Amino acid sequence: MNNLGWLKSLVLFVIVFALQMTVADWLSFFDVAPDFVMIFIVAMAIRRGPTAGCFWGFIAGFTQDVYAPVEWLGANTIAMTVVGYAVGQLEERFLSLNLPAKVGVLGLGFFVSDMIYFAITGLSKDVVTNLFLTKSLPECIYTMLIGGIFFYLDLGSKKKKHA
C-alpha cells in the first residue's frame, strides 16, 4: 500500500474512533452499542490482509486501552491484534468472503476479542457468563447488523468502481 493509502486508513481510523466515542452512545439502547472499531479492524483485515489487520488491531486496541482501567492495560491491544491477524489470514489463505461470510467473520471476531479480553482481565466464570449474555451477545448482534450495512455499502462501491 502506498503512503496515500496509509494516510486514508489513518483518517478513516480517526473517524471510526470518533464515531465509537460519540455516535455509538447515541445509537445505544439498553446499554448495548455497536462496535465501530471492531468493524474497522475486520474490514481492514479482509481488504488488506493479516499484516494490516494486525497493525490496525494493535493501534485500535492500544487506543482503547488508553481509556481502560490501568490494571487491564494491554488486554484490548492483545485481543484486537489477534483478531486482526486471524481475520486477515482467513481471507488471504483460505477463501474469498461474500457478504454473509464477512458478517459471520465479524461476529466471530467480536466473540474472540471479548473472550481474550475476559481471559486476560481474570474475571470469574460467573461474571464472564453474565457479561456474555447481557453485554457481549447483544453487542455482537448489533455490531453484525451495522457491519453488514457497511460491508454491503462497500461491496456496492466496489461494483461501481469495476463497472
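Helices here are DSSP runs of at least four residues, numbered from the N terminus. With that in hand, welcome to a few close-up views of this predicted model.

**View 1. Phe30 sits in the loop between α2 (23–27) and α3.** Most residues other than glycine have a negative phi. Phe30 is not a glycine, yet its phi is positive, at about 55°. Is Phe30 buried or exposed? With 79% relative accessibility, Phe30 counts as exposed.

**View 2. Asp31 shares the loop between α2 and α3.** Here, too, a residue that is not a glycine has a positive phi, this time of about 60°. The relative accessible area of Asp31 is 59%, and the cut-off for exposed is over 50%, so Asp31 is exposed.

**View 3. Helix α1 (residues 3–21) meets α3.** Two packed helices are described by the angle between their axes and the distance between the axes. For this pair, the axes come within 8 Å and cross at roughly 155°. Angles over 145 degrees count as roughly antiparallel, and α1 and α3 are therefore roughly antiparallel to each other. On the α1 side, look for Ser9, Leu12, Phe13, Val16, Phe17, Leu19 and Gln20; on the α3 side, for Phe36, Val37, Phe40, Met44 and Arg48. Sorted by kind, the residues of this contact are nine nonpolar, two polar and one charged.

**View 4. Helix α3 (residues 36–48) also packs with helix α6 (residues 99–121).** Their axes lie 10 Å apart, at an angle of about 120°. That makes α3 oblique to α6. The crossing of α3 past α6 is right-handed. Which residues make the contact? From α3 come Met38, Ile39, Val42 and Ile46, and from α6 come Lys102, Val105, Leu106, Gly109, Phe110 and Ser113. Seven of these residues are nonpolar, two are polar and one is charged.

**View 5. Ser113 is a residue of helix α6.** Its relative accessible area is 5%, and Ser113 is buried. Leaving aside residues up to four places away in sequence, Ser113 touches Met38, Ala79, Met80 and Val83. Met38 belongs to α3 and is part of the contact of α3 with α6.

**View 6. Cys54 and Cys140 have their own close-up.** How many disulfides does a search of the whole structure find? The search finds zero. Cys54 counts as partly exposed, at 27% relative accessibility, whereas Cys140 is buried, with a relative accessible area of 1%.

Note on methods: Residues are numbered from 1 along each chain as its sequence is written. This is a predicted model: local features need pLDDT of at least 70, side-chain atom pairs count only at pLDDT 80 or more; totals for chains, interfaces and linings use all residues. Side-chain values use heavy atoms; hydrogens and water are left out. Axes are lines fitted to C-alpha atoms, for helices over the stretch in contact, and angles run from 0 to 180 degrees between N-to-C directions. Helices (H or I, at least four residues) and strands (E, at least two) are DSSP runs, numbered from the N terminus. Angles under 35 degrees count as roughly parallel, over 145 as roughly antiparallel, 65 to 115 as roughly perpendicular and the rest as oblique. A crossing is left-handed if the near helix is turned anticlockwise from the far one by less than a right angle, and right-handed if clockwise. Contact means heavy atoms within 4.5 Å. Ala, Val, Leu, Ile, Met, Phe, Trp, Tyr, Cys and Pro count as nonpolar, Asp, Glu, Lys and Arg as charged, and the others, Gly among them, as polar. A disulfide is a pair of cysteine sulfur atoms within 2.5 Å. Buried means under 20% relative accessible area, exposed over 50%, partly exposed in between (1.4 Å probe, protein chains only).
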